[in-house]
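Biologist: Could you take me closely through one part of this model, starting from a single aromatic residue and working outwards to the helices and loops around it? I would like one connected account rather than a list.

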Amino acid sequence: MIIQRFIFKYLNCFRDEAQKDIVVRKRARVTSVCFVVNRQGLEFRGQSSSSFLRVTLAAQRGEADSCTIRSARGRTDHGRELHAMLATGAAVTTALAQVDREKIYQWINELSSPETRENALLELSKKRESVPDLAPMLWHSCGTIAALLQEIVNIYPSINPPTLTAHQSNRVCNALALLQCVASHPETRSAFLAAHIPLFLYPFLHTVSKTRPFEYLRLTSLGVIGALVKTDEQEVINFLLTTEIIPLCLRIMESGSELSKTVATFILQKILLDDTGLAYICQTYERFSHVAMILGKMVLQLSKEPSARLLKHVVRCYLRLSDNPRAREALRQCLPDQLKDTTFAQVLKDDTTTKRWLAQLVKNLQEGQVTDPRGIPLPPQ
C-alpha cells in the first residue's frame, strides 16, 4: 500500500516531465525505492537488506497485464500490489507518445524551411514505420510534398555528369523514403498517382553509374515503385503501364546490383501477375522478346553467381508468362536450358515454393505440344 500511495503521489510529476527520464527516490519500508520512466516504459527498483527486487513493467500498448518481481531467491508473480504501477506506466506511455507526436508536427513544419529541412528529413524517415498516419500528415500539410519534390529536383544536375556525393544521396533518399510512406498508404496512394509523382523518380532509374551513392539512389527509388505494386491494386498497374517503368526495370535487371535486380524483378513480376500487365507485355513480339531476353541473361548469370532470392522472382516471371498462349509457344523455344536441367538443384534444395513453380513451368510448356514421328515439335493446329 505504501508503494501504491507513492505512485499516485507522483503521477502528475510523471505526466509533466514525460519528455525526459525521471528518477524519483523515496525511503519506505525497503531501504530504497527507485522509479525510472523512459521511452521504453516504467521500471521499478527496490532494495532491502535481504534481497534486491527489480520489476520491469512492459506498459506499452496495454501489453502488460501482470508484473514480475525478480529477486535473489527466484521469481514470483506480483499482480495486486503493483496493479497501480501498470496504470501509471500506461499513462506515462501515452504522455510520451503525445510528446513524440508533437515532435512529428514540428519536423513536418520544418520541412518547409531549407535551413531546417535536412534534419527534419532524417528524423521523419526514422519515424515513418512507427507513425501509422504519417502519410496523411505529410500529404495534407501545407508545402510538404512540394518540399520533398524540391529535394528530388535539386539532385538532377548531379546526375549528368555523375557527380552525386554520398551526402547528397543520403539526403534525397530520406525524402524518397517519405514519398514511399505516402505511396504505400491507402489514404494517399490514389492522390499520389494522380499527381504523377513517380515520374519524378524515373531520371534516377535512368542512371548507370555503379558508384555507391547512385546505387543507393536507384535502390531507394525502386523501393517507392515497389511499395506501389505491392498493394496489388489495378489502379497502380494501369498507371505504371502508361509510363516507361518496364524498360527501366529491364535495364536494371540486366546491369544493376543484386539487390536492385531483385527489386526491379519483383516490380516486373507484380505487373505480370496482373492480367492487364500480362496482356500488355505479350501484346507485341518486341515487348515479349525484350522481357524474355533479359530474363534469359539473368538465368545465365545466376548459373554462375547463384542467388536464391533473385532466382525465385525470375522463375515466377517465367511461370506467369507461360499462362499466355502466345508466350507459352515462344518459351518452348527460348526457355534457358538451365531451368530444364539440374543446374539450380543445389540452390533450390530448401525452397519448395520455387521448385514447385519451376516444375509447373516445365509442365505448362509440355502440355499441348504436338510432335511428329521424328520427335520434332509442331505448332498446334
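## Around Phe-204 and its partner

Modeller: Phe-204 has a relative accessibility of 0% and therefore counts as buried. The model is a predicted one, and everything that follows should be read as a description of that prediction. Phe-204 is one half of an edge-to-face aromatic pair with Tyr-156, in which the ring centres are 5.8 Å apart and the planes stand at 65 degrees to each other. A search of the whole structure turns up one aromatic pair. Its other member, Tyr-156, has 25% relative accessibility and so is classed as partly exposed, whereas Phe-204 is buried. Tyr-156 sits in the loop between helix H6 (144–153) and helix H7 (166–184), while Phe-204 belongs to helix H9 (residues 202–205), so the pair ties together parts that are 48 residues apart in sequence.

The loop that carries Tyr-156 deserves a second look. Pro-161 is also placed in the loop between H6 and H7, and the peptide bond leading from Asn-160 to Pro-161 is cis, its omega being near 0 degrees. Most peptide bonds are trans, and most residues other than glycine have a negative phi. On the N-terminal side of this loop, H6 is mostly covered, with seven of its 10 residues buried. The buried residues of H6 are Thr-144, Ile-145, Ala-147, Leu-148, Leu-149, Glu-151 and Ile-152, a set that includes the charged residue Glu-151 as well as several leucines and isoleucines.

On the far side of the loop lies H7, which packs against helix H4 (residues 114–127) at an angle of about 65 degrees, the two axes being 9 Å apart. The crossing of H4 and H7 is left-handed. From H4 the contact draws on Pro-114, Arg-117, Glu-118, Leu-121, Leu-122, Leu-124 and Ser-125, and these meet His-167, Arg-171, Asn-174, Ala-175, Ala-177 and Leu-178 of H7. Sorted by type, the residues joining H4 and H7 comprise seven nonpolar, three polar and three charged.

Ala-177 appears again when one turns from H4 to Thr-220: with neighbours within four places in sequence set aside, Thr-220 is in contact with Cys-173, Leu-176, Ala-177 and Gln-180. Thr-220 lies in helix H10, and because its relative accessibility is 13% it counts as buried. From C-alpha to C-alpha, Thr-220 and Gln-180 are 8.7 Å apart in space, although 40 residues separate them in sequence.

Two further loops in this stretch carry backbone values worth checking by eye. His-196, found in the loop between helix H8 (189–194) and H9, has a positive phi of about 55 degrees although it is not a glycine. With a relative accessible area of 40%, His-196 is partly exposed. Asp-232, placed in the loop between helix H10 (212–229) and helix H11 (234–241), likewise is a residue other than glycine with a positive phi, in this case near 60 degrees. Asp-232 counts as exposed, because its relative accessibility is 53%.

Further along the chain, helix H12 (residues 245–255) and helix H13 (residues 258–273) form another packed pair, whose axes come within 8 Å and cross at roughly 145 degrees. H12 passes H13 in a left-handed crossing. The H12 side of this contact consists of Ile-245, Ile-246, Cys-249, Leu-250, Ile-252, Met-253, Glu-254 and Ser-255, and the H13 side of Ser-260, Lys-261, Ala-264, Thr-265, Ile-267, Leu-268 and Ile-271. By type, the contact of H12 with H13 holds 10 nonpolar residues, three polar and two charged.

Rings elsewhere in the chain have arginine partners. Arg-287 lies over the face of Tyr-280, 3.8 Å from the ring centre, and Arg-316 lies over the face of Trp-357, at 5.3 Å from the ring centre.

As a setting for these details, the protein chain holds 18 helices and eight strands, and 46% of its 381 residues count as buried. Among contacts in the chain with a separation of 6 or more, 59% come from residues 24 or more positions apart. To return to the starting point, the pairing of buried Phe-204 with Tyr-156 ties together parts that are 48 residues apart in sequence.

Key. Residues are numbered from 1 along each chain as its sequence is written. This is a predicted model: local features need pLDDT of at least 70, side-chain atom pairs count only at pLDDT 80 or more; totals for chains, interfaces and linings use all residues. Side-chain values use heavy atoms; hydrogens and water are left out. Axes are lines fitted to C-alpha atoms, for helices over the stretch in contact, and angles run from 0 to 180 degrees between N-to-C directions. Helices (H or I, at least four residues) and strands (E, at least two) are DSSP runs, numbered from the N terminus. A crossing is left-handed if the near helix is turned anticlockwise from the far one by less than a right angle, and right-handed if clockwise. Contact means heavy atoms within 4.5 Å. Rings of Phe, Tyr and Trp (its six-membered ring) pair if their centres lie within 6.5 Å; planes under 30 degrees apart count as stacked, over 60 as edge-to-face and the rest as tilted. Buried means under 20% relative accessible area, exposed over 50%, partly exposed in between (1.4 Å probe, protein chains only). A charge sits over a ring if NZ of Lys or CZ of Arg is within 6 Å of the ring centre and within 35 degrees of the ring normal.
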